[in-house]
Amino acid sequence: MSSTSTTATASALLAEIADVGRDAVRGGYTRRVFDPAELELRAWFTDHAVALGLDVRLDGNGNLWAWWGAPGPDAVVTGSHLDSVPGGGAFDGPLGVVSALAAVARLRSAGFTPSRPFAVAVFAEEEGSRFGVACLGSRLLSGAIDADRALALADADGVTFAAALTAAGLDPTRAGLDEAALARIGVFVELHVEQGRDLVDRGVAIAVATGILAHGRWRLRFTGSGNHAGTTPMTDRHDPVVAAAAAILATRHRGTAALSRTMQGEASAAAAPRATVGRIEVIPGGTNVIASLAELWLDVRADGEAAVRELVAAIGDDARAAAKLEGCAFELHEESFAPQVTFDPAVRDRIAGVLGGPPLIPTAAGHDAGILAGRVPTAMLFVRNPSGVSHAPDEFAGEEDCELGVDALVAVLEDLL
Ligand code: HGY
Ligand code: MN
Ligand code: MN
């Protein structure tokens with residue numbers, strides 16, 4: 001066991017991977033699942049876990065499990081993910097992984113012996129940045145997505161998830177619902193950087209999560225007529241970019257209108273609807289070319305499935321109308337949906353008791369803990385983020401707060417184990 005592994009703080013562990021997957025163009029980090037940077041992080045995690053005496057296994061869905069002793073049943077599992085959004089921060093995902101390693105190191109140093117099976121998990125493709133569906137590893141594991149559909153998902157270069165699994169040394173026919181893995185999980189606790197300013201406003205370092213808003217992703221495809229930017233009269237165009245632009249504005253207007261309606265009711269700001277277009281692709285993408293195709297990816301989150309679907313339908317109606325006006329074809333395709341989550345109240349309250357009554361807060365961000373909540377008891381801890389920013393380079397958690405996060409995780413694990 002290396003001395004680094006037994007003594008390193010969460011911040012020191014993060015510093016070890018600070019150069020992996022830096023994105024010189026976007027800033028921050030781009031660590032797509034099974035790309036070289038993410039593979040380097042997996043190897044780095046494996047080295048640390050092995051140095052801590054854990055037995056590391058890769059499941060059929062590309063998720064890593066580092067077991068302290070024999071695997072399950074009724075195991076306590078903690079962990080998070082190592083992949084990032086394009087140009088993401090250093091903490092979303094890795095903080096939960098390094099905190100788990102630091103917690104194991106502390107428990108080892110203290111001579112602690114778990115009375116239940118225990119594992120640290122690293123889930124694959126949590127952000128969906130490569131294959132489009134967030135939490136792909138935990139969705140597959142828990143049966144929230146069909147293996148056939150997941151295996152056929154392709155990245156921007158046309159590489160399928162099946163091919164990526166194969167390249168990572170996995171057999172794609174093993175992907176899918178993994179009842180044996182689920183049966184091993186007694187409880188999953190994910191520590192995560194906070195993705196807002198709630199804890200800064202409260203002056204508190206650690207919170208326990210209550211739930212996650214319903215959310216999903218949709219693809220809007222506008223097909224027009226490619227043509228010459230110079231020779232095509234303004235009155236004779238079917239420009240999908242124009243229709244797409246109208247849909248983006250509709251997203252803002254519909255999202256804001258839904259927010260106003262929500263604020264007239266009883267709902268809290270945390271449960272307010274959000275609608276975003278953060279990704280646009282234009283084919284062929286030439287300055288002097290009227291595009292033939294424009295695609296938008298829409299992210300919608302709200303308090304309950306009905307509110308999400310109502311907002312998506314309204315944006316879809318506006319987008320369809322804009323496409324018609326421009327003489328373009330329009331398609332709306334659901335890429336993924338995650339129902340509203342309420343984390344297991346008994347586990348939440350037990351953890352809150354151990355931590356002496358921290359704030360209980362909801363989140364609008366998706367997590368593997370949210371997907372797994374459909375099948376096993378799950379809980380989350382949040383660590384204060386002074387910038388309040390996430391999915392961007394300014395995401396942050398201070399060294400002291402990271403250590404308070406590890407303190408909290410150790411206390412929770414000691415209680416559960
Ligand atoms: O997009 C999300 O909410 C998450 O960070 N995967
Ligand atoms: Mn994220
Ligand atoms: Mn995350």
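Ser-80 is buried in this predicted model, with a relative accessible area of 0%. The residue lies in strand 3. Leaving aside neighbours within four places in sequence, Ser-80 is in contact with Gly-93, Gly-96, Val-97, Ala-121, Val-122, Phe-123, Glu-190, Leu-191, His-192 and Asp-368. With Gly-93 there is also a polar contact: the backbone oxygen of Gly-93 lies 3.5 Å from a polar atom of the Ser-80 side chain.

One of the contacts of Ser-80, His-192, leads to the metal site. The manganese ion (ligand 3) has three kinds of entry in its donor list: His-81 through NE2, Asp-92 through OD and His-192 through NE2. These donors lie 2.0 to 2.2 Å from the ion. Along the sequence, the donor residues follow the spacing H-x10-D-x99-H. Asp-92 and His-192 bring together distant parts of the chain, 100 residues apart: Asp-92 sits in the loop between strand 3 (75-81) and helix 4, and His-192 in strand 5 (residues 185-193). Both Asp-92 and His-192 are buried. Asp-92 also serves a second metal, bridging the manganese ion (ligand 3) and the manganese ion (ligand 2), which lie 3.7 Å apart.

Asp-92 appears again around ligand 1, together with Glu-126, Glu-127, Arg-301, Ala-365, Gly-366 and His-391. Polar contacts to this ligand include two made by its nitrogen. A nitrogen atom of ligand 1 is 3.1 Å from an N or O atom in the side chain of Glu-126, and a nitrogen atom of ligand 1 is 3.0 Å from an N or O atom in the side chain of Glu-127. On the oxygen side, a polar side-chain atom of His-391 lies 3.0 Å from an oxygen atom of the ligand.

Away from the ligands, the largest nonpolar core has 54 residues, and Phe-45, Leu-95 and Leu-381 have the most contacts inside it. Helix 4 (residues 94-109) provides the largest share of this core, 10 residues. Phe-45 is in contact, beyond its neighbours within four places in sequence, with Leu-64, Ala-66, Leu-82, Val-97, Leu-101, Val-120 and Val-122. Val-97 and Val-122 are also among the contacts of Ser-80.

Last come the cysteines. The structure holds zero disulfides. Cys-328 is buried, because its relative accessible area of 10% falls under the 20% limit. Cys-402 is buried as well, with a relative accessible area of 0%.

Conventions. Residues numbered from 1 in each chain as written. Chains lettered and ligands numbered in written order. Predicted model: local features only at pLDDT ≥ 70, side-chain atom pairs only at ≥ 80, totals over all residues. Heavy atoms only, no water. Core = buried A, V, L, I, M, F, W, Y, C linked by side-chain atoms within 4.5 Å. Buried < 20%, exposed > 50% of the residue type's maximum accessible area, 1.4 Å probe, protein only. Helix = DSSP H or I, 4+ residues; strand = E, 2+ residues; numbered from the N terminus. Contact = heavy atoms within 4.5 Å. Donors = N, O, S within 2.8 Å, 3.2 Å for Na, K, Ca; no water. Polar contact = N/O pair within 3.5 Å; in protein donor to acceptor, adjacent residues only side chain to side chain. Disulfide = S-S within 2.5 Å. Near = heavy atom within 4 Å.
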